[in-house]
Every structure is written in structure tokens, then in C-alpha cells.
Amino acid sequence: MHEASAHAPPPLPLTGVRVIDVGNFLAGPYAASMLGEFGAEVLKVEHPIAGDPMRRFGTATKRPDATLKWLSEARNKKSVTIDLRQPDGVQLFLKLVAKSQVLIENFRPGTMEEWGLGWKELSAANPGLVMLRVSGYGQTGPYRRRSGFAHIAQAFGGLNYLAGFPGETPVLPGTVPLGDYIASLYGAIGIMIALRHQERTGRGQIIDVGIYEAVFRVLEEIAAAYGVDGRIREREGSGSFVACPHGHFRTKDDKWIAIACTTDKMFERLTVAMGQPQLASSGLYGDQRKRLAARDAVNQMVNEWVGNLLRDDVLQKCLDEEVPVGKVNSIADIFEDEHFIARGNLAHFDEPGLGDVVVPGVVPTLSATPGRITNLGPTLGNATAEVMRDLLNLSAAEVQRLRQAKII
Amino acid sequence: MTETTAAAALPLTGIRVVDVATVIAAPYCATILGEFGADVLKVEHPVGGDALRRFGTPSKRGDTLTWMSEARNKRSVTLDLRRAEGVDVFKQLIAKTDILCENFRTGTLEKWGLGWDVLHEINPGLIMLRVTGYGQTGPYSDRPGFARVAHAVGGIAYLAGMPKGTPVTPGSTTLGDYMTGLYGCLGVLMALRHREHTGEGQYVDAALYESVFRATEELAPAFAMYGVVRERLGSSHNDFACPHGHFATKDGKWVAISCATDKLFMRLANAMGRPELASSSTYGEQKTRLQHRHDVNEIVRDWCGSLTREEALARCYATDTPAGPLNNIADIFGDRQFHARRNLVAVDEPDTGESIIVPAPVPLLSETPGSIRSLGPTLGQHTDEVLREVLGMSDADIADLRVKRVV
């Protein structure tokens, strides 16, 4: 579909865009990772001594400056060390900003201003700058100064209240920094929209994302429903309030399977798979409303059927009838799954000193300009010299001075 | 939020989107584009329309609150793609469209003669978002896929729930739909940039299961390197940090407390009035806390259980400990931060006069903020105006299509 030559890889849509990522952990930096996958040059600006704390968070590797989380999520970035707590570091940073299109940060609101790096100074250095600011509660409002990690922001945004069984302890919604990922997705979309506006008008702007509001935005109609009749959505366990059967069921081999009968037609297919088509008659459970009213009984029948079969057998019977079904995959299941392999969802890297490192591949897939992973998380300061020399045109003596003063 | 913003000031003004998809996944991409100024034409089957109209809490108008909120800013055009004339009208529309969003089962559009090759030939600059459960390729690509199944296949349902207990819904059954809408939207905007530089269109292939799998941080690398199979997390995730979880308060409510570092634990110890807990000989070090996670969690649980939620949080905030309430929707409606950030917007529905409160657009842009200009349209509300304005049809043409039930 595109005219890619046999020699050059396909073009990337963000080639020529320089992104400074001065954030820590994931909320915001993950937006930079995605932009980097699609061709942006991402300069990860880190403290010269400590670097991003994500280098030490998660499962350790033989590389002392890199956990697995860092290797995977700092993909495609170049590391540049600058100490923003020193005035010379601030000046250096402003020069870098002047040569970049996008800046991503997630300090507690007010921190960059304390360093003399508020929007006023940044936009003076670069009037077209697009700046993504991610924090737990956003840049405004009474709680803006509170510390907000994903876990707290997800709870505040209403997601964690909903995970777990009714009346029981709310659990974590599957993946701990989910809010960081979702906030970064919104941030990256904001950046793309703002870049387009910038290219047309020359004007930059700020994208302000509170992790809590990113999470709140994906909770479908719970606000509208509360607004209309005061209904508070509660935890729904492994099921759903709007459809039945729609949940997780344990198989004979003590594994789990997800079945989602959103409509009557799908329930009818399930009953055929179960060999009990009569259950879908109008006198019995053919109608969604009747199933919801008798959900315990319906779930019990599905539980019994599933519980008498191996997971693979349940899966095959459901697939044969086109019932929406899937294994509740552990990561071990995922590594064996032919579909994950076929879609390139597990990307292998031969990393010096570490051997094979497997990370999630690029999402989404673009047909003409697919994203790519060129390198895993960099060592601290691996691009400092290059950036100082080639981008900021500093002399070797000046670079030496900055190093000695621990500014870079 | 910015109801007064004129569409002309929005950054995607002039972009036309055809949203022929259903429910949330691909349509949510169109919703975001619409908030930022794109003209979104929701193309629906003349009888019944998008199933989202029947999904969720009924509205006074006879559709649902989910529809009214998430089909915001869209114009509804009916068209039966199962009829040859409907296909013909659709092709005319695609010739004048920048972005097409669809989420039929793989092969469905091809069956109707509306596959990528055909559409790309009609409009070489077209960008097409294709969302399915498993993507356009791979052995499962023809399986039906819903978010519930995608959460399971993508590995996050396995992780949600009490250890060894039944895996639960990770908070919301449509999470994967929204996340895929977000990935799709990002892909579409990158493709749009590529097109504006080269004239070349392309399609974006997004799979529900991939969106959630991508958010599992180091789950895959840790299995590959060390064979670690992460199990359900329960209410606390203590692989790397402790305490880090949910704790019940005296008034039967819940707080989240998250001490990722020793410094943050010291603040919590101060909030609890027990600074000695953070000394090096007690629980000052993360390693020690992780070894004694049950004891540490017990101490925090006892402390939280002796206070109301407001008391526990006030003490945490006073020492800058990362903590927050597990808000339910009633808490959210009463919260100052949500109000200050205008995260809740009341929008009037003109036909019934009903005022619906919906989440405001995210993210917040300083120069070109998004806006909600209308709630979800009634079925076919804009068929005539779109056929007239965009395709230049006469009233007689339109009447003819209507008689034939094409629109």
C-alpha cells in the first residue's frame, strides 16, 4: 500500500519531532514512549546522579540502572542528564526546549515554577511549545498540590471502588498503574491535536491531565445515572449488571474462562453449546430481563456446565457456536498463545549482558507507518554528550565544566 | 466546560469523520475527535441504529444515558449497508471523508464490498480505524470479541480479585473498549499527520485485547526472564512496595494508601502518630516492610479501622502521605476537585428538557479545549441535511431512498 523501498524501513509519522520527557515513572513518560515508537526523537532528561526512579522500581536485572519495567517502558528514549535544581541546568534546559516541539512533565504542580521553568519561561524560550503536564489531580483545583500516584488517583477517580465483590474489599483493577497508562493515552492524543494546531498557527499550548479524571472519563454512564436517579454503581464481582451470563467461570481443571452473552442471540448460542437449547426459549431464559432477574440461577447453570469440562473443551464448544468466550489468561498462557505470537505482541530483544528480553509490542498497528522499538530503556546519560555537542553546540571544554559541576 | 466555544475555534474543524461502528470501542475514537471539532457522521442501520442506544440506563427519550453521553456531538445518518444502494451512498460519503471508524467482525465490510482496497481506491487519503476483539490478522481474527473477553485474553482479568479467588471485572466491563478507542484515536491522529505530509492514507488495526495487555507493565518481561507468573493482586500490591493498598475505615468506607518509598512510609508513620515505626530497626526500609508485609498491613489496617475516612485522610494529607478515598459516584458528585476542574457537565436535552450530567472532555487543552455541543442524536436526526449538504442530493433523491428503506 505504500512505496517503501526494499532498503529503507517504512517512514514514521513523527519523524522530525523532538520530545523532551522530564517526567518520572509512567504517567506522562508513557506518552513519550508512544510518540517515540512512531518516530519522535525522545530525550529523557534525568537527574545526573539518581535518574528516573523507575530505573529502580520493579523487577531487578543484571544491569544496576535498569529494572525490567525501565527496559520496557523507556524504550526508544535517549537519556540526557541535567540537574534542574541548579541555575546552569535550568539555562541548559531552556536551550533544549527552544529546539524541541514537545515537553512532557509530571512533577507535582508548582515544582517546575519553583525552578524557573513555568509556562512563562518555557513559552518565552519556545512560543510554539506543546507541553503535557500530568499529575494526580491536574494543574488546578483545591487538591492540585496533593501527591497522586496512579493507585491513589484511580481510587479517587472512582475505578477502584468498582473492582471486587459486592459488599467485600475493593481490589486492584488488575494492573496497578492502569491510571498512568490511561492518562498517558489522553496526553498523547492531546499532544497530537496540539501539534496540529501549532503547525497551523505557530501557537503552542498546555495539555493538563489529572490521572483521576482520565480514569473517571472511562466509566461510561455512572455519572449520568447518578445524576438522573441517584443510583450508585457498586462492585459487580465477576459479572455485569446489564447482561447475563457475563462473567468468569471455573473449569474442571481449575482454570477460568470468560463468557459474555451481551444479547439474547448470544445466549441462545451458548445454550446450543451447552446442549440445552430449551433454556433459550421465551418461557425460560430467552429474554435478557428474565436472565437478569434470575441471574443466580442462570450463572449456576453455566457454572455447572463449565465446571464439568476442561478449559480447552469449554472454549472449543463455545467457539463452535460463536459464543463470545476467552481464556482468563495468565502471563504463562499468553506466552503460549499463537495469536499473541502471530500479532507480534511479544517483542524480543537481545540486550547486551541480559540476553533475551521480551516486552509488549507496539499498539496500535498502522498499515503504512507501523511503529517500532529501536532500543530498550537507555543507560543513564547515554546521549548527554551527543546532545550537548550536536544539538546545543557546546564546546568540549564547556561540556567538561558542566560535568565537573555535576550539572550534567 | 466550554459549551460556549464555537466549533470554528476547535483544532479539528474541517475534518469529517464517518463513524459506522457500534457500542463504545471505535465510536469513542470518533467521540474524542468530535469534542475537538471534527464533524462526526454516525452512520447507523435505519431500523434500531447503534446497539449503544439500548445499552445502559433508559433515558426519558427512549434511548439510554450511555448513548446520550458517548454519542455527544455526533450527527446521525441512517443507511442500510446490506442494500446495494446503501453501499453506493456510503461510497459517495467516503469520497468526502477524512476518517472512517468501524468495528464490525473482520470480513464484514469486505462482504458488503466495502473493504480497505475499495475504500482506499475511492479515497486514497482515507484513514480507517478498524477495531475488533483480536485485530485484523492472526488465528483468532474472526472470533467475536467483547471487552469482557478481551480483559480475560489480554491478561488483566486474571490479575483482578483476591488471591486464589474468582477473577473479577477490573472495575468496569467496558474498560478495554475505552482504552482501544484511545489507542485508535492516537493512531488516527498520527495517520492524519502522515497524510498531511504525504497525501497517503492508511488503516489503523486495533485489537481490544492488545490495549489491555499493553498496560501490564513488566508482566511479560518478568515471565520471560524469571518465569514469574503474577497472580491476583487482591486489595494490596506488595511485590515492590508496602503498604500499598486499600484499607477499611471505621465508617465502613475505604481509603487507598500508597508508600512507594521509605520517605513516604516515614510520612505515614508520622500521620499515624508512630514515627518509631519508620526507624531503621523497625520498618524504615522497604525490604523489611516487604518481608513483614502482613504485620505492616495489619498496623495500617488497625489504624484506619479506628478512624473515619475523613479523619484518616486528613492525617495523611497533613503529612503529605499519598492517600485518597475510594470514591463512589456519590462521593464524586460531592467533591470539590471534580467541581473545580469542571469534570461534570450538565447538558440539556432539547426534546425532553432533561438535563443530563456527563463527564467533560479529557484532556484539557489550554488554547483549544474540547467541547460538548450536543448530546447523542436521535436516530436519523441528520440524515436529510447530510445527504443534502455533503452529497448534494435533492429532496426527491432522499425521498426515493427513504421509500426503498435505504435510509
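These questions and answers walk through a predicted model of two chains, A and B.

Colleague: What ipTM does the model score?
Modeller: This is a predicted model, and its scores come with it. The pTM is 0.96. The ipTM is 0.95.

Colleague: Over which residues of chain B is the pLDDT below 50?
Modeller: Chain B averages a pLDDT of 94, and 98% of the residues score at least 70. One stretch has 16 contacts in the model beyond near neighbours in sequence, yet its pLDDT is below 50. Where pLDDT is low, the predicted coordinates should not be read in detail. The stretch is residues 1–7 of chain B.

Colleague: How many residues of chain A are in contact with chain B?
Modeller: Take the two sides in turn. Chain B brings 121 residues to the contact. On the side of chain A the number is 124.

Colleague: Which helix gives the largest share of the side of chain B that touches chain A?
Modeller: That side of chain B divides into 72 nonpolar, 35 polar and 14 charged residues. The largest share by element is 14 residues. They come from a helix spanning residues 175–198 of chain B, helix H7.

Colleague: Which residue of chain B stands opposite Asp208(A)?
Modeller: Two bridges join strand E6 (residues 205–210) of chain A to strand E12 (residues 364–365) of chain B. The two strands run antiparallel. Opposite Asp208(A), in E12(B), stands Leu364(B).

Colleague: What distance separates the centres of domain 1 and domain 2 of chain B?
Modeller: The domain assignment gives domain 1 as 9–214 + 343–403. Domain 2 is 244–333. Taken over C-alpha atoms, their centres are separated by 42 Å.

Colleague: What share of the residues in chain A is buried?
Modeller: Chain A has 17 helices and twelve strands. Its C-alpha trace spans about 85 × 55 × 40 Å along the principal axes. Of the 408 residues in chain A, the buried share is 58%.

Colleague: Among contacts in chain A between residues at least 6 apart in sequence, what share joins residues at least 24 apart?
Modeller: Start from the contacts between residues at least 6 apart in sequence. Then keep those that join residues at least 24 apart. Their share is 68%.

Colleague: Which strands stand at the edges of the sheet E7-E8-E9 of chain A?
Modeller: Three strands form this open sheet, with antiparallel pairing. Two of them have a single partner strand each, so one side of each is left without a neighbour in the sheet. Neighbouring strands are turned by 20 degrees against each other on average, direction ignored. The edge strands are E7 and E9 (325–327) of chain A.

Colleague: Which residue is the bridge partner of Ile257(A) in E9(A)?
Modeller: Strand E8 (residues 256–260) of chain A pairs with E9(A) over three bridges. The pairing is in the antiparallel sense. In E9(A), the partner of Ile257(A) is Lys327(A).

Colleague: Which helix packs on this sheet of chain A?
Modeller: The helix touches E7 and E8 of chain A. Its direction makes about 40 degrees with that of E7(A). It spans residues 295–307 of chain A and is helix H12.

Colleague: Which peptide bond, ending at Pro363(B), is cis?
Modeller: Most peptide bonds are trans. In chain A, the bond from Cys244(A) to Pro245(A) is cis, with omega near -10 degrees. Pro245(A) sits in the loop between helix H9 (222–229) and strand E7 (246–250) of chain A. In chain B, with omega near 0 degrees, the cis bond is Val362(B) to Pro363(B).

Colleague: Is Val23(B) buried or exposed?
Modeller: Val23(B) lies in the loop between strand E1 (16–19) and helix H1 (25–35) of chain B. Its phi is near 60 degrees, a positive value in a residue other than glycine. There are 21 other C-beta atoms within 10 Å, and the cut-off is 20 or more, so Val23(B) is buried.

Colleague: What is the phi of Glu217(B)?
Modeller: Glu217(B) is in the loop between helix H8 (208–213) and helix H9 (219–226) of chain B. With 26 other C-beta atoms within 10 Å, Glu217(B) is buried. Its phi is positive although it is not a glycine, at about 40 degrees.

Notes. Residues are numbered from 1 along each chain as its sequence is written. Chains are lettered from A and ligands numbered from 1 in the order in which they are written. This is a predicted model: local features need pLDDT of at least 70, side-chain atom pairs count only at pLDDT 80 or more; totals for chains, interfaces and linings use all residues. Two residues are in contact if their C-beta atoms, placed from the backbone, lie within 7 Å. Helices (H or I, at least four residues) and strands (E, at least two) are DSSP runs, numbered from the N terminus. Ala, Val, Leu, Ile, Met, Phe, Trp, Tyr, Cys and Pro count as nonpolar, Asp, Glu, Lys and Arg as charged, and the others, Gly among them, as polar. Two strands pair if DSSP finds at least two bridges between them. Domain bounds come from an automatic or database domain assignment. A residue is buried if 20 or more other C-beta atoms lie within 10 Å of its own, exposed if 12 or fewer, and partly exposed in between; C-beta atoms are placed from the backbone. pLDDT is the predictor's confidence in each residue, from 0 to 100. Axes are lines fitted to C-alpha atoms, for helices over the stretch in contact, and angles run from 0 to 180 degrees between N-to-C directions.
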